[in-house]
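Let's take a walk through this protein together, with the structure open beside the text. We'll begin with strands, move on to helices and finish at the surface.

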Amino acid sequence: MVKKIRRAIKAMRKSHGKDFYPEPGTIIVDENAEQPIIFLIDYNQTDLIQKQISYPEECLNYLDTESVSWVDVQGLGSKDILHRLGQTFDLHPLILEDIVNMVERPKIEDYEEQLVIIAYMVVPNHNHGSFYSEQVSLVLGKYYVLTVQEEPEHDCFDGVRMRINKSKGIIRRQGSDYLAYSLLDAIIDGSFPVLELYGERIDDLEEEVIVNPSQQTLQKIYQIRRELLQLRRAIWPQRDAINSLIRDGSELISDDVRIYLRDCYDHAVQVMDIVETYRELVAGLMDVYLSAISNKMNEIMKLLTVVSSIFIPLTFIAGVYGMNFNTEKSPHNMPELNWYWGYPLCLGIMALIATSLIYLFWRRGWLTNSVNFQKDIHR
């Protein structure tokens, strides 16, 4: 999302100069945007028409009929197509600006004969365990719904298309407002598969933090924290937008569809609750990480202390008998140096001291805490 914002600002400066602020309604097309692909679906309870069209004017004959027309534009790489789209659907210049501007906040705009819904759609990225995000603009008219997406590759509207094709549910018996609700509900429900991926990543990260924390673990925590923040920024305004749509209403939305929008709002609240829960878990992982690193350091220090404690008396004995006193003139000062069994006896005493200390540390549990700690983790 941050890259898209930077790209949009860069396109604006490249088109109009560094110190130029474009007037309202100006369309600024990103040079890296996909070329538009336009699909038309026109349906009623008995008939269905699906086709790909080259120019927006080809759908004019369907917009004023009582059948529901869904025009799906995928790609924003042609300023000419966007201008013709505005003329075909009689879009206000500010609507076109909102559609093209990729840094728009999710919102609802009522233009009397048209209702504009700006939303963010997220689609799972299974290869990286994250998500693709793109802005989706919905324009609701009396007999049509216009959707404009950033690119054609990632989409969560397949379920809606399937219900239209197979006439499942009540979508073919309802008007354009129900189609707009279905698309908006698909956008909200598309967040749940993304959240499932993050749930799995957090579970794996929890085990890694406790069992084998490293510098890469810390980077993973910051990465998932940043991605969840992006997801929250995309979903939170959508919840408020749906709530305002339910509260304020619109002449283009019937009372029956407003009831369905309440269910859509409930789903948005559920998504936000899960996102907030995951953010709290990730924030807690940082404390667990620091505790695990501290515990790991304590285990290392304890092992080194045990080893040092074993070798301290051995070093003392070796140091005493390693002193270079002249024993020829005073042989009675250190008589052990002249004993036939003195050397084996000294080694035996040192082995006995080391064995006794190891047994003492084992009885106190100093040598088994680390092993038991690892076993408890895997349980």
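What follows is a short tour of a few elements. Please keep in mind that this is a predicted model.

A good place to start is the pair of strands E1 (residues 37-43) and E2 (residues 48-53), which run antiparallel and are joined by 6 bridges. The connection between E1 and E2 is a hairpin of 4 residues. If you would like a landmark here, find Ile-41, which stands opposite Gln-50 in E2.

Now move along the chain to helix H6 (176-189). H6 has 14 residues and reaches 20 Å from its first C-alpha to its last, close to the 20 Å expected at 1.5 Å a residue. It is mostly covered, with 13 of its 14 residues buried.

Next comes helix H7, spanning residues 191-211. Its 21 residues reach 30 Å between the first and last C-alpha, close to the 30 Å expected at 1.5 Å a residue. Which residues of H7 are buried? They are Ser-191, Val-194, Leu-195, Leu-197, Tyr-198, Gly-199, Ile-202, Leu-205 and Val-209. These buried residues pack against strands E5 (115-125) and E6 (130-140), and against helices H6, H8 (215-248) and H9.

Let's end on H9, which covers residues 255-321 and contains Met-297. Together with Ile-300, Met-301 and Leu-304, Met-297 makes a nonpolar surface patch of about 380 Å². Why can Met-297 contribute to a surface patch? Patch residues need over 30% relative accessible area, and Met-297 qualifies on this count because it is partly exposed, at 46%. The spacing in the patch also invites a look at helix geometry: an α-helix has 3.6 residues a turn, so residues three or four places apart point the same way.

Technical notes
Residues numbered from 1 in each chain as written. Predicted model: local features only at pLDDT ≥ 70, side-chain atom pairs only at ≥ 80, totals over all residues. Heavy atoms only, no water. Patch = residues over 30% accessible without salt bridge, like charges linked within 9 Å, V, L, I, M, F, W, Y side chains within 5 Å. Areas by Shrake-Rupley, 256 points an atom, 1.4 Å probe, with all protein chains shown as cover. Salt bridge = Lys/Arg side-chain N within 4 Å of Asp/Glu carboxyl O. Helix = DSSP H or I, 4+ residues; strand = E, 2+ residues; numbered from the N terminus. Buried < 20%, exposed > 50% of the residue type's maximum accessible area, 1.4 Å probe, protein only. Expected span 1.5 Å × (residues − 1). Contact = heavy atoms within 4.5 Å. Pairing = 2+ DSSP bridges.
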